[in-house]
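User: Could you pick one part of this molecule and take me through it up close? I'd also like to hear how other parts are put together, with each term explained as you go.

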Amino acid sequence: MRLAILSDIHANLVALDAVLAAIGSVDGIRVLGDIVGYGPEPDGVVDRLDGLGATGVLGNHDQVAVGRLGPELFNRDARTAIEWTRDRIAPATREWLAALPERLVEGTFTLVHGSPRDPTWEYILDDHAATENLEAFDTPHCLFGHTHLPAAFRSTVAGMIGGEPADGDRVTLDGRRALLNPGSVGQPRDGNAAAGWALLDTDSATVTWRRTDYDIAATQRAMMLAGLPPRLIVRLSIGV
Ligand code: ZN
């Protein structure tokens with residue numbers, strides 16, 4: 001089975017559509033949260049995912065968008081954007097998001113947004129955080145997002161050791177524990193502005209990281225028209 005793993009789409013429909021074109025035919029799509037927030041087309045993104053039968057987990061932005069959390073913990077620009085989102089999304093978008101769980105277990109994988117021990121807020125940015133989270137999930141492997149950085153942490157005798165997979169890099173899964181982040185479709189932050197995602201092939205037990213160029217200016221124009229914060233618009237060009 002081939003599954004596309006998408007995280008932090010952040011209402012960037014132009015990026016999502018470019019990624020979907022690059023993915024081609026797969027057996028399913030799994031999303032790791034932050035489907036909305038920051039970007040200009042929350043309804044369009046949810047409608048697209050719904051139409052493709054995608055499923056997955058909620059992120060912190062999604063939880064604010066559906067009214068489950070308040071926006072107080074967000075920085076100013078993120079808060080402006082999520083309040084804009086919360087006040088505008090269609091009832092069907094809200095319902096679709098609100099039906100997603102915070103944690104999903106599927107085969108040998110646990111899916112979360114932030115981390116297994118704190119799916120909403122924790123960022124797994126280093127070996128230490130990855131090691132500490134091993135106790136918090138029962139499956140061999142975990143798929144997570146939230147940092148907007150592609151990452152592959154794998155178990156070694158010295159604990160969890162992380163790498164930063166580039167376009168085309170592939171990891172073969174074996175008995176070792178692993179925490180894997182596909183990067184961000186809609187707002188990459190690793191200095192590469194191209195949309196990040198991953199392909200999981202359960203037959204060959206491989207995960208392949210990919211980057212896909214999209215029409216960044218088109219998303220930026222839509223953000224400008226929506227009156228979203230300038231800093232959020234500019235950062236898409238440089239991938240930070
Ligand atoms: Zn995010």
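Analyst: Let's start with some vocabulary: helices (H or I, at least four residues) and strands (E, at least two) are DSSP runs, numbered from the N terminus, and a contact means heavy atoms within 4.5 Å. Keep in mind that this is a predicted model, where local features need pLDDT of at least 70 and side-chain atom pairs count only at pLDDT 80 or more, while totals for chains, interfaces and linings use all residues. Residues are numbered from 1 along each chain as its sequence is written, and side-chain values use heavy atoms, with hydrogens and water left out.

Our close-up is helix α1, residues 13–23, where L13, A15, L16, A18, V19, L20 and I23 are buried. Buried means under 20% relative accessible area, exposed is over 50%, and partly exposed is in between (1.4 Å probe, protein chains only). So what sits over those buried residues of α1? The cover includes strands β1 (2–6), β2 (28–31), β11 (195–201) and β12 (206–212), plus helix α2 (42–51). Right after α1 comes G24, and its phi is positive, near 70°.

One residue of α1 has a partner in helix α7 (residues 216–226), the home of T219. T219 touches V14, along with N12, P40, Y214 and L236, if you skip residues up to four places away in sequence. With a relative accessible area of 2%, T219 is buried.

Now for a strand. In β10 (residues 178–181), A178 and L180 point one way, L179 and N181 point the other way, and all are buried. Two strands pair if DSSP finds at least two bridges between them. β10 is joined to β6 (residues 141–143) by 3 bridges, running parallel, with L143 opposite L180. On top of that, 4 bridges join β10 to β7 (residues 151–156), running antiparallel, and here A151 stands opposite N181.

Last up, rings. Rings of Phe, Tyr and Trp (its six-membered ring) pair if their centres lie within 6.5 Å; planes under 30 degrees apart are stacked, over 60 edge-to-face, and the rest tilted. The structure holds 2 aromatic pairs. One of them is F74 with W121, edge-to-face, at 6.0 Å centre to centre and 85° between the planes. F74 sits in the loop between α3 (60–65) and α4 (76–88), and W121 in the loop between β5 (109–112) and α6 (127–132), so the pair ties together parts 47 residues apart in sequence. F74 is buried, at 9% relative accessible area, whereas W121 is partly exposed, at 28%.
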